[in-house]
Amino acid sequence: MPSDPHAVIFAVESSCDETAAAVVKDGREVLSSVVFTQIPLHKVYGGVVPEIASRSHVEKIGAVCAEALAQANMTIYDVDAVAVTNGPGLVGALLVGVSYAKGLAYAAQKPLIAVHHIEGHIAANLIAHKDLDPPFVCLVASGGHTHIVHVDADWEMKLLGRTRDDAAGEAFDKVARILGLPYPGGPELEKLAKEGDPNAYRFHSAFNAGEHLDMSFSGLKTAAMNLVHHAEQKGESLRRADVAASFQKAVDDLLCAKAVHAALMCNCGTLALAGGVAANGFLRSRLEQAARKAGLRFVCPPMNLCTDNAAMIGAAAWWEWKKGNFAPLSLNALPSKKFAQQNFFTGDAS
Ligand code: KG4
Ligand code: ZN
């Protein structure tokens with residue numbers, strides 16, 4: 001029933017390399033959350049192989065969904081709606097979750113809710129902080145996106161800034177690869193960086209100067225990669241930990257500066273962090289310090305809610321439930337699903 005704030009939502013997520021299902025009550029309370037990660041399957045190739053991802057989702061989705069319902073002590077007939085990530089992501093991977101969720105919704109005669117993956121990441125903060133209500137500004141940094149978003153009191157999103165090229169997580173993964181670290185590179189690079197000097201090298205990108213809220217990571221990434229390649233070509237030794245620490249600092253400095261600037265411009269008092277890169281401990285503490293210094297409340301989800309999961313999809317779906325925003329059974333996977341109509345400041349399409 002639209003606008004009824006009480007709803008138990010069964011949520012499915014399969015946009016990349018995690019097959020996940022969860023049961024979430026009233027957008028905040030996680031009754032169950034099951035995540036099957038495919039990372040070991042892709043590790044040997046050094047990155048996600050889309051075909052392997054789709055096949056693994058097909059193999060696992062039934063068991064993952066059954067387990068999530070069992071852990072919540074429910075059947076699909078006990079929930080109020082079925083939610084699913086329908087984009088953005090890998091088309092073959094998304095299709096598995098979308099098809100399965102549509103089948104469940106049809107069989108149990110439940111409304112279907114389509115969720116944007118990035119909105120899911122943002123909603124992870126509402127699970128973790130029960131007293132947090134929009135409006136707030138959120139920095140979402142994942143393997144595919146780096147967005148600064150204003151979330152209004154009705155859960156409408158405005159894009160304030162975004163990366164113009166690589167996502168922050170993508171840049172971490174690529175530099176990690178050059179440093180000989182396994183996939184996914186972000187957490188491995190963070191581990192190596194703990195032994196390094198963050199001030200050993202200075203990585204710089206001219207694009208990032210100025211008042212605007214867009215970001216570029218490809219210049220920073222190329223600078224780090226060139227440093228490693230040139231040292232290799234000259235037969236010089238290089239402290240890999242110093243490169244990792246300096247690169248991490250460059251990325252995190254940029255994210256902190258733009259996110260805090262955005263939150264102050266919007267004057268809403270709260271800055272949130274979300275997405276896989278939010279699991280980076282260095283970023284979490286740097287952003288917390290920077291936000292506090294600027295007089296902002298800072299929130300971020302616990303580690304297990306930063307990387308892909310279905311609980312966050314159930315939390316975001318609750319807002320669509322309240323608006324009565326249901327999807328037809330003709331719902332399709334949208335690999336490049338748009339996030340917001342346009343950049344609030346620059347007018348660019350997202
Ligand atoms: O949100 P997510 O799980 O999947 C996408 O929606 O893309 O994000 C995955 C990304 C990967 O690029 C991964 O390397 C990065 O998040 N990541 C990290 C850390 N943990 C995950 N990056 C830096 N430091 C970490 N600790
Ligand atoms: Zn994600």
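**Exercise 1.** Which residues lie nearest the centre of the second largest pocket, and how many residues line that pocket?

*Solution.* Before counting, some ground rules: this is a predicted model, where local features need pLDDT of at least 70, side-chain atom pairs count only at pLDDT 80 or more, and totals for chains, interfaces and linings use all residues. Residues are numbered from 1 along each chain as its sequence is written, chains are lettered from A and ligands numbered from 1 in the order in which they are written, and side-chain values use heavy atoms, with hydrogens and water left out.

Step 1: pin down the term. A pocket is an open set of points on a 1 Å grid over the protein atoms alone, where a 1.4 Å probe fits, with protein on both sides within 12 Å along at least five of seven lines; lining residues have an atom within 4 Å of a point.

Step 2: read off the lining. It has 14 residues, with Arg202, Phe203, Lys249, Ala250 and Asp253 nearest the centre.

Step 3: find the main contributor. Helix α8 (residues 240–266) gives the most, five residues; helices here are DSSP runs (H or I, at least four residues), strands likewise (E, at least two), numbered from the N terminus.

Step 4: add the volume, about 310 Å³, taken as the space filled by probe spheres set on the points, with grid points joined across faces, edges and corners.

**Exercise 2.** Describe the lining of the largest pocket.

*Solution.* Step 1: start with the volume, about 1100 Å³.

Step 2: count the lining. There are 40 residues, and Ser142, Gly143, Asp173, Tyr183 and Pro184 lie nearest the centre. The elements giving two or more of them are α1 (39–43), α4 (117–128), α5 (168–178), α6 (185–193) and α10 (303–306). Of these, α5 gives the most, with six residues.

Step 3: check the domains. At least three residues come from each of domain 1 (8–124 + 306–323) and domain 2 (134–303), with bounds from an automatic or database domain assignment.

Step 4: look again at Pro184. Its peptide bond from Tyr183 is cis, with omega near -10 degrees, and Pro184 sits in the loop between α5 and α6.

**Exercise 3.** Work out how the protein surrounds ligand 1.

*Solution.* Step 1: list the neighbours (a heavy atom within 4 Å). There are 17, the closest being His121, Gly143, Asp173, Glu190 and Asn280.

Step 2: go through some polar contacts (pairs of N or O atoms within 3.5 Å). His121 puts a polar side-chain atom 3.0 Å from a ligand oxygen. The backbone takes part too: a polar backbone atom of Gly169 is 3.2 Å from an oxygen atom of ligand 1, and a backbone N or O atom of Gly186 is 3.1 Å from one.

Step 3: finish with the area. Alone, ligand 1 exposes 560 Å², and the protein buries 89% of that (Shrake-Rupley method, 1.4 Å probe).

Key. A polar contact is a pair of N or O atoms within 3.5 Å; within protein, one must be able to donate a hydrogen and the other to accept it, and residues adjacent in sequence count only if both atoms are side-chain atoms.
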